[in-house]
Amino acid sequence: MWMIPGQNQTRVSEFILLGFSSDPTTNSILFSVFLLIYLSSVLGNGLIILLICLDSHLHTPMYFFLCILAMVDMGYVTTTMPQMLVHLLAHSHTISFAGCWMQMYVFSALGITECTFFVVMAYDRYVAICYPLRYTVILNWGLCIRLASGSLVCGFLSALLHTFFTMSLPYCGPNKVNHYFCQGPSVRSLACMDTHLIEMVDLILSVLLVVTPISLIVASYIHIALAILKIKSTQARCKAFSTCASHLTVVTFFYVPASYIYMRPHSSYSPEQIKQISLFYNVFTALLNPVVYSLRNKDIKRAFLKVIGHSSVDY
């Protein structure tokens with residue numbers, strides 16, 4: 001705790017993250033499980049980035065976007081998981097006020113970036129299927145870089161607003177955060193003032209940042225579905241559908257739990273529900289992405305075989 005100059009009031013200098021359990025045996029089991037998940041996520045996404053960089057056949061807009069998504073996922077899961085793993089084994093579960101501020105900001109920034117980036121990837125599929133002959137003309141490298149940069153700028157600027165609203169509140173009482181990381185609503189519940197107005201503003205921002213991308217993704221896939229139904233060849237139609245299946249799977253696993261948490265009032269569910277659901281869009285989505293994109297993608301499989309020494313693989 002530290003004193004506020006000119007006021008007879010203390011403010012917390014650190015927070016305590018309660019995590020999932022206080023039982024050492026349970027924490028040891030959770031440590032093993034989450035360590036495996038974290039390493040698999042980092043190695044899987046890292047492998048996708050490596051394959052795309054090394055194989056010139058994958059230097060296309062679609063794989064450029066997939067490479068950026070893998071980078072965002074690695075950063076997203078690394079923002080929370082290493083600290084959670086340390087806290088599962090350590091006696092101290094504290095995080096400094098500045099550390100909490102930074103973790104909340106980076107987590108929010110990468111999460112919003114991923115939200116907007118899924119729209120970019122949906123647009124990529126829309127152009128590829130609806131305008132296949134003009135695909136590389138429309139999605140030239142200049143536009144690809146601008147779309148990726150725009151997603152990052154949108155994410156980091158929006159997160160700054162969200163984090164500023166939360167961390168500028170006075171925290172002068174309890175400092176135990178019932179979560180495994182500094183999640184905005186969980187930290188904000190500890191503020192020693194009425195946060196109703198800020199919660200409403202944050203809810204409106206969350207709805208806009210979730211509903212707008214979802215609407216654009218749905219609109220893109222409606223046009224894609226209509227274009228696919230016009231294809232006469234059954235084989236070509238199935239191939240077109242399969243190219244979208246991976247993206248739709250990942251989008252579903254990310255948006256459903258995120259929408260459940262951020263598009264409802266914070267008081268409408270328990271802290272335990274928040275922690276469990278947060279794992280899906282923070283941890284499991286990062287693990288799922290490389291699995292889905294590698295198992296369903298022949299180009300990634302061919303690139304992998306080529307890298308490990310099967311130079312005769314044909315494209």
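The second largest pocket is a good place to start a tour of this predicted model, and its volume comes to about 350 Å³. Its lining is built from 23 residues, and those closest to the pocket centre are Ser108, Ile112, Ser206, Leu209 and Tyr262. Several helices take part: H4, helix H6 (141-167), helix H7 (184-188), helix H8 (196-229) and H9 each give two or more residues to this lining. Among these contributors, H4 gives the most, with six residues. In terms of class, the lining of the second largest pocket holds 15 nonpolar and seven polar residues, together with one charged residue.

Attention turns next to the largest pocket, which encloses about 880 Å³ of space. A set of 25 residues lines this pocket, and Met62, Tyr63, Lys239, Thr243 and Asp299 are the closest to its centre. Two or more lining residues come from each of helix H2 (61-78), helix H4 (97-130), helix H9 (234-262) and helix H11 (298-307). Here H9 is the element that gives the most, with six residues. The classes found in the lining of the largest pocket are 11 nonpolar, seven polar and seven charged residues. Readers following the helices from one pocket to the other will meet two familiar names: H4 and H9 are listed for the second largest pocket, and H4 and H9 are also listed for the largest pocket.

Besides these open pockets, the model holds enclosed space. Rolling a probe the size of a water molecule over the atoms shows where empty space is left. For cavities of 30 Å³ or more, the count comes to one. The largest cavity has about 60 Å³ of space. Its lining is made up of Leu17, Leu18, Gly19, Phe20, Ser21, Asn27, Met84, His87, Leu88, His93 and Tyr180. Helix H3 (residues 81-89) supplies the largest share of this lining, namely three residues. No charged residues are found around the largest cavity, where the lining divides into six nonpolar and five polar residues.

One of the residues lining the cavity, Leu17, also leads to the strands, as strand S3 covers residues 14-17. S3 belongs to an open sheet of three strands, arranged in the order S4-S3-S5 with mixed pairing. Strand S4 (94-96) and strand S5 (176-177) form the edges of the sheet, each pairing on one side only. Between S3 and S4 there are three bridges, and these two strands run antiparallel. One example of the contact between them is Glu14, whose bridge partner in S4 is Ser96.

The outside of the model offers a further feature to look for. A nonpolar surface patch of about 590 Å² is formed by Leu47, Leu50, Leu54, Phe304, Leu305, Val307 and Ile308. Helix H1 (24-54) and H11 are the elements that give two or more residues to the patch. Phe304, one of the patch residues, is located in helix H11. Helix H11 therefore makes a convenient landmark for a newcomer, as two or more of its residues belong to the patch and two or more line the largest pocket.

Key
Residues numbered from 1 in each chain as written. Predicted model: local features only at pLDDT ≥ 70, side-chain atom pairs only at ≥ 80, totals over all residues. Heavy atoms only, no water. Pairing = 2+ DSSP bridges. Helix = DSSP H or I, 4+ residues; strand = E, 2+ residues; numbered from the N terminus. 1 Å grid on protein atoms, 1.4 Å probe; cavity = no way out; pocket = protein on both sides within 12 Å on 5 of 7 lines; lining within 4 Å. Points joined across faces, edges and corners; volume = space filled by probe spheres on them. Nonpolar A, V, L, I, M, F, W, Y, C, P; charged D, E, K, R; others polar. Patch = residues over 30% accessible without salt bridge, like charges linked within 9 Å, V, L, I, M, F, W, Y side chains within 5 Å. Areas by Shrake-Rupley, 256 points an atom, 1.4 Å probe, with all protein chains shown as cover. Salt bridge = Lys/Arg side-chain N within 4 Å of Asp/Glu carboxyl O.
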